[in-house]
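Please walk through this model one part at a time, starting from its strands and ending at its surface. The sequence and the structure come next.

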Amino acid sequence: ESAITNKTKAIMPVHWSGRPCELNKIKLIAKKYNLKIIQDSCHAIESRYKGRHLIFYGDVCTYSMHPLKNLNVWGDGGFIITQNKKLAEKLYLIRNHGLKDRNLCKTFGYNSRLDTIQAVVANYKMRNKLDNITSKRIKNAHMFDKILKSNPYVKTNKRESHLKEVFHLYQINVQNRDKLQKFLIKNKVDAKVHYPLPMHLQPAAKYLKYKKGDFPIAEKISKETLSLPVHEFIERKHIKYIATLINNFYNLKKN
């Protein structure tokens, strides 16, 4: 709230890794300052906040169907949902050059139409695969939680009962992150860092004139966070193998 100025138009919460933000609190702030809520839900297909779909807590939810996302297509794609009919009509125009029909351009837009083949794949997976994908990711993440909770060098997120997390990523915060990542990769585990350089220190953000130390929490997390495979294709034995490797790295006994 302290970052809001008279130039602020919207709040853009990111439901990182498939864990919803505290939307009730965000909604109260948005109402107080008459701001829109544009949710980055690209990791959060099928997430819920207090049992309700995320769209009930904002104006727009944006979703990705990148090949690595929970709901993916065979190329790339994405979609937006809203309950605002006027906004939906504007989005329909913008995605197709602003064309009302073949000969009439109401506003300048983009070529953001989803390829028909990708739409067929997305519709099929949404109807026939998404529930199974979601439940398996949740099950895998909870197994990681259970095995890693006794490791004092590993911090997992506290699971909140009012949040349905869907685990596009399974993230832990660890000591000696870079050495652990190399160790896991050496042992054929696809451990990744999302992301090593915070947004405010990216070259593209130089014009904002932020410097190291301006966002200390983001900088600390960027040095500690590690993502482990949690997708629907890994098996129980794989999770145990990964967790055992992590415990071995820290010279802990096998759980």
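**Sheets, salt bridges and a surface patch**

Strand 5 and strand 6 (residues 78-82) run antiparallel and are joined by five bridges. This is a predicted model, in which local features need pLDDT of at least 70 and side-chain atom pairs count only at pLDDT 80 or more, while totals for chains, interfaces and linings use all residues. Residues are numbered from 1 along each chain as its sequence is written, and side-chain values use heavy atoms, with hydrogens and water left out. Strands (E, at least two residues) and helices (H or I, at least four) are DSSP runs numbered from the N terminus, and two strands pair if DSSP finds at least two bridges between them.

Two positions show the register between strand 5 and strand 6. Cys61 stands opposite Ile81 in strand 6, and the bridge partner of Val60 in strand 6 is Thr82. Strand 5 also pairs with strand 2 (residues 36-40); these two run parallel and are joined by three bridges. Here Cys61 appears again, as the bridge partner of Gln39. Is strand 5 enclosed by the rest of the structure? Strand 5 covers residues 60-64, and four of its five residues are buried, so it is largely enclosed. Buried means under 20% relative accessible area, exposed means over 50%, and partly exposed lies in between (1.4 Å probe, protein chains only).

These pairings belong to an open sheet of four strands in the order 1-2-5-6, with mixed pairing. Strand 1 (10-11) and strand 6 stand at the edges with a single partner strand each, so one side of each has no neighbour in the sheet. Helix 1 (residues 23-33) lies across strand 1 and strand 2, and runs at about 150 degrees to strand 2. Such angles run from 0 to 180 degrees between N-to-C directions, with axes fitted as lines to C-alpha atoms, for helices over the stretch in contact.

Another open sheet has three strands in the order 9-11-12, with antiparallel pairing. Its edge strands are strand 9 (154-156) and strand 12 (225-228), each pairing on one side only. From one strand to the next, the twist averages 40 degrees. Four bridges join strand 11 (residues 170-174) to strand 12 in the antiparallel sense, and one pair of bridge partners is Gln171 with Ser227 in strand 12.

Helix 4 (residues 130-148) packs on this sheet, touching strand 9, strand 11 and strand 12, and its direction makes about 25 degrees with that of strand 11. Helix 6 also packs on the sheet, touching strand 11 and strand 12, at about 45 degrees to the direction of strand 12. Contact here means heavy atoms within 4.5 Å.

Leu148 gives a closer view of helix 4, in which it lies. Which residues does Leu148 touch, not counting those up to four places away in sequence? They are Val154, Thr156, Tyr170, Ile172, Leu228, Ala243, Ile246 and Asn247. Leu148 is buried, with a relative accessible area of 0%. Leu148 and Phe79 are 69 residues apart in sequence, and their C-alpha atoms are 35 Å apart in space.

The charged side chains come next. A salt bridge is a side-chain nitrogen of Lys or Arg within 4 Å of a carboxyl oxygen of Asp or Glu, and by this rule the count comes to 11. One of them joins Arg137 to Glu232, with the closest N and O atoms 3.2 Å apart. This pair links distant parts of the chain, 95 residues apart: Arg137 is in helix 4, and Glu232 is in the loop between strand 12 and helix 7 (236-249). Arg137 counts as buried at 5% relative accessibility, and Glu232 counts as buried at 13%.

Within helix 6, Glu224 and Lys220 lie four residues apart, about one turn of the helix. Their side chains meet in a salt bridge (2.9 Å, N to O), and Glu224 is partly exposed, with a relative accessible area of 21%. Salt bridges with shared partners also join Arg19, Asp145, Arg159 and Glu165 into one network.

Finally, Tyr207, Leu208, Tyr210 and Phe215 make a nonpolar surface patch of about 440 Å². Patches are made of residues with over 30% relative accessible area and no salt bridge, where like charges are joined within 9 Å and nonpolar side chains (Val, Leu, Ile, Met, Phe, Trp, Tyr) within 5 Å. Accessible areas come from the Shrake-Rupley method with a 1.4 Å probe, and for residues only the protein chains shown count as cover. Tyr207 lies in the loop between helix 5 (177-186) and helix 6 (216-224), and is exposed, with a relative accessible area of 63%.
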